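Biologist: Please take me through this model step by step, and give the cut-offs behind each term as you go.

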Amino acid sequence: MLERVRTGQVIVGSFFHEPGEPATSVEWWQEPCIAFTTFGSWQVRSRRGKGEVTPGAVLVTEAAAEHDCRHPGGVDDRMLCVLYRSHVDPGPALLIPQVAALHSFRRSLVAALRPADPDRGEVEALSLALLEAVRQSPGSSPRPGKRSRAVVGRLRAEAGACYRDPDLDLVTQAQTAGLSRTRFVHVFRDVVGVTPHRYVVEMRASHAARLLRSTSVPVTDICFDSGFGSMPSFHAAFRAAYGMTPSAYRAGHVAPGSDAHFSCSG
């Protein structure tokens, strides 16, 4: 597999066969895996079931579970794979129709992996939310209940008040409220439209943009005042949000009276 992102929770990358590999083989992943076929099709059989893996289906496998693979049209298929490094239950299905919700996750993952230096936190959050979506019944995506929505609303307000705190951890707070990590990320994305990680990053980027427009404070100070833990993460997030570096953004948005300063302590 061509690995693109590795975190404490997931490994995400592209898988493809090398020329000359046999059209029939026994394959397995060491970790639970969710895979989208991005090109081609092939046949799979395991103790969980059998069927044809196409771009319209999502393949779900257990850790170290063998499956027989047949490639009658040749081994030129390609997949986007998400491997889960902790012991997780991916659900009972081997193949799941790629309904609109799963197709949305695929698009979001592809977009998150596109930069030369992907946002690892966002890729992990999307992968965990994908796991929760796959666990649900194929073709159905029940809306979050009243209690889950209340937790999301409270933590969304918490993010609005504390996004400048680099130690802000919405997932831990959600777990205290009774929502697992994967469930919280999935529900938050369903209610708000983005993962909690992306929501906080976007708020930090917006705060930094305001300071760049209205002050002459050094970019490094703005980075840490906005809640970013490092300059590389700040530059990557700001470029993703505004299409340019913080310095270039400041140069194009010089405003009268922009020599104001602020204190990084508050």
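Modeller: Buried means under 20% relative accessible area, exposed over 50%, and partly exposed in between (1.4 Å probe, protein chains only). This is a predicted model, in which local features need pLDDT of at least 70 and side-chain atom pairs count only at pLDDT 80 or more, whereas totals for chains, interfaces and linings use all residues. Residues are numbered from 1 along each chain as its sequence is written, and side-chain values use heavy atoms, with hydrogens and water left out.

Biologist: Is Ala64 buried, exposed or partly exposed?

Modeller: Ala64 sits in the loop between β7 and β8 (67–70), where helices (H or I, at least four residues) and strands (E, at least two) are DSSP runs numbered from the N terminus. Although Ala64 is not a glycine, its phi is positive, about 60 degrees. With a relative accessible area of 47%, Ala64 is partly exposed.

Biologist: Which element gives the largest share of the largest nonpolar core?

Modeller: A nonpolar core is a set of buried Ala, Val, Leu, Ile, Met, Phe, Trp, Tyr and Cys residues joined through side-chain atoms within 4.5 Å. The largest one has 27 residues, and those with the most contacts inside it are Ile34, Tyr84, Leu102 and Leu130. Two or more residues come from each of β2 (10–16), β4 (33–39), β7 (57–61), β9 (78–84), α1 (100–113) and α2 (120–135). The largest share, nine residues, comes from α2.

Biologist: Is α2 roughly parallel or roughly perpendicular to α5?

Modeller: The axes, which are lines fitted to C-alpha atoms over the stretch in contact, with angles running from 0 to 180 degrees between N-to-C directions, come within 8 Å for α2 and helix α5 (residues 181–192) and cross at roughly 95 degrees. Angles under 35 degrees count as roughly parallel, over 145 as roughly antiparallel, 65 to 115 as roughly perpendicular and the rest as oblique. The crossing angle therefore makes α2, relative to α5, roughly perpendicular.

Biologist: Which residue of α5 forms a salt bridge with Glu124?

Modeller: A salt bridge is a side-chain nitrogen of Lys or Arg within 4 Å of a carboxyl oxygen of Asp or Glu, and the structure holds 10 of them. Glu124, in helix α2, counts as buried at 13% relative accessibility. Its salt-bridge partner (2.5 Å, N to O) lies in helix α5, 57 residues apart from Glu124, and counts as partly exposed at 26% relative accessibility. That partner is Arg181.
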